[in-house]
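New to this one? Here is a quick briefing to read alongside the sequence and the 3D view.

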Amino acid sequence: WSMLASEQLGIPMDRIEVIHGDTDLVPVGQGTMGSRSLQLGGSAVHQASVELVELAKRKAADLLEANPDDIVLDKLDGRFHVAGTPAAGRSWAELVQQSDEPLLIDTVFQAASSTFPFGAHVAVVDVDTETGQVTIKRVVTVDDAGILLNPLIVEGQRHGGIAQGVGQALCEEMVYDADGNPVTSNFADYTFISATELPSFELVPMETPTTANPLGAKGIGESGTIGATPAVQSAVVDALSPYGIRHIDMPATPQRVWSAIQEAHR
């Protein structure tokens with residue numbers, strides 16, 4: 001959010017404070033679910049920043065006795081001045097100090113339509129037919145999230161999502177005893193994936209802008225989990241297809257895989 005605001009306002013990111021979760025200041029909000037943080041929340045920040053600049057231009061025009069259409073914002077130093085005469089201008093701080101009213105924008109962004117990210121995940125696995133152990137050899141993914149405003153965050157989302165998807169396919173499971181009591185109630189008993197079981201992911205970049213918001217951004221939060229899980233599960237089943245196996249319940253644990261192989265031999 002700070003990056004989006006800074007880009008429009010010409011104010012350094014370290015001088016922008018982001019406040020969230022305070023219902024006294026932010027009475028309306030629905031959260032970040034559905035990979036909507038950037039495409040909706042970010043677009044709202046962008047829209048508010050653009051509207052704030054326009055408000056500030058009108059304030060600066062009054063102080064500089066100029067037409068608002070002639071006022072420009074120099075984003076390098078965050079100063080408003082008449083086009084062509086940068087020497088006489090006003091900073092954001094000066095505008096606030098010399099204005100009778102606060103520079104405040106309260107805006108709502110409404111997306112024109114849903115966005116439709118897309119992608120493809122390919123998994124290569126080895127299956128030990130003696131033990132049922134599955135080893136991930138390669139994971140290659142294409143995930144399109146529209147315009148990438150922060151590639152580092154997107155890469156982290158993809159890596160984490162892929163790891164979670166692989167974990168769901170191979171090991172993560174809530175197990176209950178005969179009386180319905182959970183026996184995987186803590187991380188000592190619940191199996192989750194770790195870096196030890198994962199290869200380096202191969203991420204193929206792709207950016208297809210959307211017209212549903214001014215940032216051209218789509219969701220990325222669930223892409224890893226949506227693609228990796230069926231890719232890995234399908235790879236396991238494909239590896240066992242010579243035995244006539246066409247399905248294994250998730251997660252494809254060594255015991256499930258071994259049992260399926262033994263059943264196929266009967």
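Before we get to the pockets, a word on terms: a helix here is a DSSP run of H or I with at least four residues, a strand is a run of E with at least two, and both are numbered from the N terminus. Lining residues are those with an atom within 4 Å of a pocket point. With that settled, α2 turns out to give the largest share of the lining of the largest pocket, with 8 residues. Keep in mind throughout that this is a predicted model.

**The chain as a whole**

- The protein chain holds 6 helices and 6 strands, and if you read along the sequence they come in the pattern α-α-β-β-β-α-β-β-α-β-α-α.
- The chain is more spread out than a compact globule, because its radius of gyration is 26 Å, well over the 18 Å that the globule rule gives for 266 residues.
- Along its principal axes, the C-alpha trace spans about 90 × 40 × 30 Å.
- Of the 266 residues, 36% are buried.
- The accessible surface adds up to about 15800 Å², and carbon and sulfur atoms account for 53% of that.
- Take the contacts between residues at least 6 apart in sequence: 61% of them join residues at least 24 apart.

**The largest pocket**

- This pocket holds about 2300 Å³ of space.
- It is lined by 49 residues, and the closest to its centre are Ile19, Val26, Ala44, Val45 and Ala48.
- Three helices each supply at least two lining residues: α1 (residues 2–9), α2 (37–64) and α3 (92–98).
- What is the lining made of, in terms of nonpolar, polar and charged residues? The split is 28 nonpolar, 15 polar and 6 charged.

**The second largest pocket**

- The volume here is about 470 Å³.
- Of the 21 residues that line the second largest pocket, Trp1, Ser37, Leu38, Asn150 and Ile153 are the closest to its centre.
- α1, α2 and α4 (151–170) each put at least two residues into this lining, and α4 gives the most, with 3 residues.
- Sorted by type, the lining of the second largest pocket has 12 nonpolar, 7 polar and 2 charged residues.

**Helix α1 up close**

- Helix α1 is mostly covered, with 6 of its 8 residues buried.
- Those buried residues are Ser2, Leu4, Ala5, Ser6, Gln8 and Leu9.
- What covers them? The cover includes α2, β1 (71–74) and α3.
- Straight after α1 comes Gly10, which has a positive phi near 70 degrees.

**Gln98 in helix α3**

- Gln98 sits in helix α3.
- Is Gln98 buried, exposed or partly exposed? Its relative accessible area is 39%, so Gln98 counts as partly exposed, given that this class runs between 20% and 50%.
- Leaving aside residues up to four places away in sequence, Gln98 touches Leu63 and Arg90.
- Gln98 and Arg15 are 83 residues apart along the chain, and their C-alpha atoms are separated by 20 Å.

**Backbone oddities in the loops**

- As background, most residues other than glycine have a negative phi, and most peptide bonds are trans.
- Ser35 is not a glycine, yet its phi is positive, at about 55 degrees.
- You'll find Ser35 in the loop between α1 and α2.
- Ser35 is buried because its relative accessible area, 18%, falls under the 20% cut-off.
- Glu65 also has a positive phi, near 55 degrees, in a residue other than glycine.
- Glu65 belongs to the loop between α2 and β1.
- Is Glu65 buried or exposed? Glu65 is exposed, because its relative accessible area is 76% and the cut-off for exposed is over 50%.
- The peptide bond from Met250 to Pro251 is cis, with omega near -5 degrees.
- Pro251 lies in the loop between α5 (223–239) and α6 (254–265).

Key. Residues numbered from 1 in each chain as written. Predicted model: local features only at pLDDT ≥ 70, side-chain atom pairs only at ≥ 80, totals over all residues. Heavy atoms only, no water. 1 Å grid on protein atoms, 1.4 Å probe; cavity = no way out; pocket = protein on both sides within 12 Å on 5 of 7 lines; lining within 4 Å. Points joined across faces, edges and corners; volume = space filled by probe spheres on them. Nonpolar A, V, L, I, M, F, W, Y, C, P; charged D, E, K, R; others polar. Buried < 20%, exposed > 50% of the residue type's maximum accessible area, 1.4 Å probe, protein only. Contact = heavy atoms within 4.5 Å. Rg over C-alpha atoms; globule rule 2.2 N^0.38 Å. Areas by Shrake-Rupley, 256 points an atom, 1.4 Å probe, with all protein chains shown as cover.
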